[in-house]
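Me: I've got a protein model open and I'd like to practise reading it. Can we go through it together, one question at a time?

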Amino acid sequence: MTRWCRQASALGGLRSADLIGLLRPIDFYAGARDETGTTVQPILALLGRDPVCYEWLSHSRIRGTRSNMNAIPTPSELRPVIEADRAHVWHHLTQHKAFERTDPRVFVEGRGLRLWDADGKEYLDGLSGGVWTVNVGYGRASIAEAVRDQLVRMNYFANSAGSVPGARFAERLLEKMPGLDRVYYANSGSEANEKVFKMVRQIAHRHHGGRKHKILFRERDYHGTTLATLAASGQPQRSAQYGPLPTGFVEVPHCLEYRSQYGSVANYGERAARAIEEVILREGPDTIGAICLEPVTAGGGVITPPTGYWEQVQDICRRHRILLHIDEVVCGVGRTGKWFGYQHYGIKPDFVTMAKGVASGYAAISCVATSEAIFDLFKDDPEDPLSYFRDISTFAGCASGPAAALENMRIIEDEKLLANTLAMGERLIGNLRTLQQRHDVIGDVRGIGLFCGAELVRDRATREPVGEKEVQAVIADCSSQGVIIGATNRSIPRFNNTLCFSPALVATAEEIDRITNATDKALTNIFSSKR
Ligand SMILES: Cc1ncc(COP(=O)(O)O)c(C=O)c1O
């Protein structure tokens, strides 16, 4: 049933007895849903405009907000929007030729894990906004209100000065990150990573006579879309045709045991870590300042680290005095069931970068967290005009980011979303393993928390990957069933073959099952697997 049909059928009926007592029949607002997103509730617009009732509504099971008191546009009203999008918007990561025959997808509303597009079709989002971002789910009025309140009080001043939410969020964040003491604000994951590269380079110039300037990165990892972060990414299809790229970035081998480069070895984790040390010794330890790694590789294939890997990596960094930069842009702020992915592996990083889940997409914010020892390297010589970190991003001074991030963090704590992520993550990976028994095309299942992947292969014995078109067909089939899942794409030639699952941390058991049931059906439809 489309949204508009449900709205029409819901008019005249309210589920909340409490609310019925408060209603005054002036006119209907038909756009609110309860927290499950399943019911469209008619609420009096006037009731929503009354400050007392508004407050009650905002904190009640049925959430009305000032902004959504406007009626939701109908499909015919949205037609010009789709045409404007087709005519003028250049979408990210998208080949546009198809839009000469089909409509671009435009989403108009979200609640929890549910999304509605401009045709009124409902989707269950198993991908948190396409790229592991909307950790606390759609439609969070309290985040919107926190941002609104902050913006009308004080929206912006360059981050050379402080802000109230900026100071408060830094303090709250660092409580979750023992050993780290300073937060540097930026706007995107790429930018946060590039800030660290600049810090490492400046440390090299000021404290190592220009040596220790190289930065190691790992095959299959991704660190961003700018030229320097592409130079530091192990995904050739992302960087192809964008060269020449900045120099001084050196690749180390991946750690995906399913695709072992060393044959069948007893301790793959230690072997993969040793491969990093081989690169360090080849390049010369005194030329290398830092290594940048994802705790669990995301877009490169959802690669959970093999046993023993991180202990060795940490030890290698310590022995060769190489700073450890952990890219938590995907794993950070709850995705893996801990605040940060690195906290599963006992890692002691020198830098941690984060972005997507920090404010769940309600505002643009990214952070670099680092130690006081690193920070001190930038204030040791106040007389030297070049001694401090001479870097700025205009919008890192926008107070909406930390205001949204504070409320996002409160939600994760109050709703115990880390525990939910662990429980629902168990269910998700368990369901995927059951699918693996039914579908020969699933060669490997990997993941941690609500961050899972299923690698598709033509042949389990040879592990020959399936083609990207078939992987995309699985995604399209799920989409036609009203479920959004993703896949690694245009990253590693021949190996864009891992389905990705990363629902919001508020996911319920029923929603997890719907995601994997749709995948089950899609795999059957595309590969005619035995069931
Ligand atoms: C691990 C990782 N680091 C960095 C980035 C770049 O983040 P952004 O797109 O916010 O620049 C991404 C984006 O997907 C990512 O997956």
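Me: In what order do the 4 strands of the open sheet come?

Reply: Sure, and keep in mind that this is a predicted model. The 4 strands make an open sheet, and their pairing is mixed. Reading across the sheet, the order is 3-4-5-16.

Me: Which strands stand at the edges of that sheet?

Reply: Look for strands that have a single partner strand, so that one side is left without a neighbour in the sheet. That description fits strand 3 (107-111) and strand 16 (483-484).

Me: Which residue is the bridge partner of Gly110 in strand 4?

Reply: Start with the pair of strands: strand 3 and strand 4 (residues 114-117) run antiparallel and share 4 bridges. Now follow Gly110 across to strand 4, and you land on its bridge partner, Leu115.

Me: Strand 4 and strand 5 form a hairpin, so which residue in the turn has a positive phi?

Reply: Strand 4 and strand 5 (residues 122-125) are antiparallel, with 3 bridges joining them. One link to spot is Trp116, whose bridge partner in strand 5 is Glu122. The hairpin has 4 residues between its strands, and the one with a positive phi, about 85°, is Gly120.

Me: What is the bridge partner of Leu124 in strand 16?

Reply: Here the pairing sense is parallel: strand 5 and strand 16 pair that way over 2 bridges. Go from Leu124 over to strand 16 and the bridge partner is Val483.

Me: Let's move to helices. Why are the buried residues of helix 13 on the same side of the helix?

Reply: Helix 13 covers residues 309-319, and its buried residues are Tyr309, Trp310, Val313 and Cys317. They end up on the same side of helix 13 because, around the axis, they cover an arc of only 85°.

Me: And which exposed residues does the face turned away from the buried side carry?

Reply: First, see what the buried residues of helix 13 pack against: helix 12 (268-283), strand 9 (288-293) and strand 10 (323-327). Then look at the face turned away from that buried side, where the exposed residues are Asp315, Arg318 and Arg319.

Me: Which residue just after helix 13 takes a positive phi?

Reply: Carry on along the chain past the end of helix 13. With a positive phi of about 50°, the residue you want is Arg321.

Me: How do the residues of the contact of helix 7 with helix 15 divide into nonpolar, polar and charged?

Reply: The axes of helix 7 (residues 141-153) and helix 15 (residues 400-414) come within 8 Å and cross at roughly 145°, and the crossing is right-handed. On the helix 7 side, the residues in contact include Ile143, Ala146 and Val147, while those in helix 15 include Ala403, Ala404 and Leu406. Sorting the residues of this contact gives 7 nonpolar, 4 polar and 1 charged.

Me: Is Ser480 buried or exposed?

Reply: You'll find Ser480 in helix 17 (residues 468-480). A residue counts as exposed if 12 or fewer other C-beta atoms lie within 10 Å of its own. Ser480 has 12 of them within 10 Å, so it is exposed.

Me: Last one: how far apart are the C-alpha atoms of Ser480 and Ala518?

Reply: Along the chain, Ser480 and Ala518 are 38 residues apart. In space, their C-alpha atoms are separated by 9.6 Å.

Definitions and conventions: Residues numbered from 1 in each chain as written. Predicted model: local features only at pLDDT ≥ 70, side-chain atom pairs only at ≥ 80, totals over all residues. Buried ≥ 20, exposed ≤ 12 C-beta atoms within 10 Å, placed from the backbone. Arc of directions from axis to C-beta. Contact = placed C-beta atoms within 7 Å. Pairing = 2+ DSSP bridges. Axes fitted to C-alpha atoms, helices over the stretch in contact; angles between N-to-C directions. Left-handed = near helix turned anticlockwise from the far one by under 90°. Nonpolar A, V, L, I, M, F, W, Y, C, P; charged D, E, K, R; others polar.
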